[in-house]
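Reader: Hey, could you walk me through this structure? I'm new to it.

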Protein chains: 2
Amino acid sequence: MPETVVMKFGGTSVADAERLKRAARRIVAKRENGTRVVAVLSARGKETDQLIAAANEVSPNPDPREMDMLLSTGERVSCALCAMAINDLGHRAISLTGSQAGIVTDTSHTKARILEVRADRIRDALAEDSIVLVAGFQGVSTARDVTTLGRGGSDTTAVALAAAIGAEICEIYTDVDGVFSADPRIVPDARKLPVVSFEEMLEMSSSGAGVLQLRSVEYARNHGVKIHCRSSFHDRPGTVVVAEQETMEHPLITAVTHSTGEARVTLKGVPDTPGIAGRVTTALADANVNIDMIIQNEPVSEGHRADMSFTVPRDDIPTAQQAIAPIAQELGVEVATDPSMGKVSIVGAGMKTHPGVAAKVFTTLGENQINIEMISTSPIRISCVVPGDRVPDAVRALHSAFGLSGEDSIRPEEPFGPFS
Amino acid sequence: MPETVVMKFGGTSVADAERLKRAARRIVAKRENGTRVVAVLSARGKETDQLIAAANEVSPNPDPREMDMLLSTGERVSCALCAMAINDLGHRAISLTGSQAGIVTDTSHTKARILEVRADRIRDALAEDSIVLVAGFQGVSTARDVTTLGRGGSDTTAVALAAAIGAEICEIYTDVDGVFSADPRIVPDARKLPVVSFEEMLEMSSSGAGVLQLRSVEYARNHGVKIHCRSSFHDRPGTVVVAEQETMEHPLITAVTHSTGEARVTLKGVPDTPGIAGRVTTALADANVNIDMIIQNEPVSEGHRADMSFTVPRDDIPTAQQAIAPIAQELGVEVATDPSMGKVSIVGAGMKTHPGVAAKVFTTLGENQINIEMISTSPIRISCVVPGDRVPDAVRALHSAFGLSGEDSIRPEEPFGPFS
């Protein structure tokens, strides 16, 4: 039984005819190595944006079922075009819609979850020596309607197919070289990480590393799918995401991540009575506003009133204000917002057994006169909310303090093996 | 059981957001009359052309299966957008792909033929009071692949669905007011025909009337589907195409049609031996060149050689020349082409019982100094190949000679009934 690989190409990797042909050559090269290939493609470049614009021209509030029917066409176009290019290279390729590929989802249009993958048709095509191209980001619901999987959907398609057909690896081709110890645009000597664990990758994705979507990493962890995140522009290995193993070396800190799109909302002088935090968070959840951190100061005076702050994505400020306005009015408290917050996080599986890490984070930021506004932690992550304009300094300071750069880094830089 | 109507909107009727919304209002108005509505939509304006251009950028010779996967997305986009617009108008609408609508075809990609229509899903949706939008021009093959139906495919989809669900009528909305006694751009006082028979419409479609595709008229005749061809810009009735009935008044002549894209190919001095016409037509058929007329002159001299001429679409001249070159070389005959030919035809069910019609055609053209190069006839049609630049004169002369204009026309101009 030959090795089977799932290769996923994002929108920038198939944006025009030249890039589509490059992806086709890459797929063919893999096939000529004797590997069976399933490739998952995203919509070309700005195609999804254009379809959304067309919908908004027609309707102020497009029906979700129809939005899915509309948006699912983008990936189909990419797959059909890429199949043509592969056929021209002398290989058999067939494109499949999500439905034809057996991606069965629930009926939550625009954010459907995969229930099952019935990959018989893919298996049959692979057995006939065809290269199979699957339209990412989509499936068919149990009600036989076209669905889409929401943000990061194509990564999830790739991982789900890899799990279903028992692929040796799921390769995610992207416009960066892999996962780095920090954003190289901020830290020029950030290292490409040869390998990270699912748990680290989950923390990194959820704290700002954009290279892999959280949901696909979760799916990969749950189904034991090895991911190789690598560049679509060259052949060098990228970053492999695998299950944590006994034998795995545990660096203290793996990476520094950050995000700059944070905003803080503060309710000033909230009465110190039980249930208010619950009412606020429920109101925000009902309005679909995702809260990242929430803190409540101790009451400062005898009046038993405190400040409650939480962070939300900056774009959600108006929605958040609207959602909590009735509560604020009822309690007679003032709502203040600071739209220019950022967050810096350190992630590392080795942190679990090193209690001194938090202190070093706070000291490092303090030495650099960077104010910490809020803190949250997990066993392998420490996140600090800091003023937005200090985020780059904070990332550089932490990256340097934990010795993540170049030769001195805790994990030796060595290629992870032959994945090209 | 309420009346059911199939409404088909072509590419120009859904070309942009405004037109899509107008089509949506039109569909909703019909629904509000108590009629159940299935609407078949084409791809928006130039969308199909753009997809074909994208394919040609990627591949010099795109794989037909993938071409179908690619092109089928255009109609899905139209349907999803129109469904959104209808939902905004307070009606339930769902869009269905050809496959979801149950259009089962053979496996001839890019020119598939409908084998069966399994319309259960449409019937269920209609029973739930939904408006059903179906992506035209496409189906699913017996091998479960997406197929397209080739030229005029959306008209055929509409007629096939009308037959399958037993719709009272299939309305084809277009950018003209209906079927005319001649092209109004050439004959300003041409009359809109309130009703024509399937047989007349077939002859008209095949001899140049572009308003309805030949194939959809054939399907309608074979399944007894009444077609109403009408304007998408206003509510006045257009032309109804129905089976010929005993009670139907038979005008002598119904319409004058024409085409200008004809070319003549002549083999000069062909030896008068049997089988040569067969070899020539076989070679052309193998090269997929459609011959319209073919004539062979009597040998003019004792050498037993004659001229053989046939007409082909002008764009096919190079292919035709290539196909017959080996035969011409073997026979030692010269091949001449005239790319500027046209054809004018008169069509009328009453012609069957009036043998004098042909004579009147020839006399009329002769009186106008229009040379007749070739002639072909059917029981209800007479076609003459004439020089391309004389086509407008020929159309006007025949239209006038047979009294098809205005008040004097043989068939009284009266509205055919309440189809709006």
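**How the two chains relate**

Author: Chain A can be laid on chain B by a turn of 180 degrees and a shift of 0.0 Å along the axis, with an RMSD of 0.1 Å (copies are superposed by least squares on the C-alpha atoms of residues with pLDDT of at least 70 in both). That is the relation of a two-fold axis. This is a predicted model, where local features need pLDDT of at least 70, side-chain atom pairs count only at pLDDT 80 or more, and totals for chains, interfaces and linings use all residues. Residues are numbered from 1 along each chain as its sequence is written, while chains are lettered from A and ligands numbered from 1 in the order in which they are written.

Reader: Which C-alpha in chain A is nearest the axis?

Author: That of Thr73(A), 2.7 Å from the axis.

Reader: OK, and how many residues does the contact take from each chain?

Author: 28 from chain A and 28 from chain B (in contact means C-beta atoms, placed from the backbone, within 7 Å). Of the interface residues of chain A, 100% are also interface residues in chain B, so the copies meet through the same surface.

Reader: Which element gives the largest share on the side of chain A?

Author: α3(A), with 14 residues (helices are DSSP runs of H or I, at least four residues, and strands of E, at least two, numbered from the N terminus).

Reader: Switching topic: what does Cys82(A) touch?

Author: Val14(A), Leu20(A), Ala23(A), Ala24(A), Leu41(A) and Leu133(A), not counting residues up to four places away in sequence.

Technical notes: Two residues are in contact if their C-beta atoms, placed from the backbone, lie within 7 Å.
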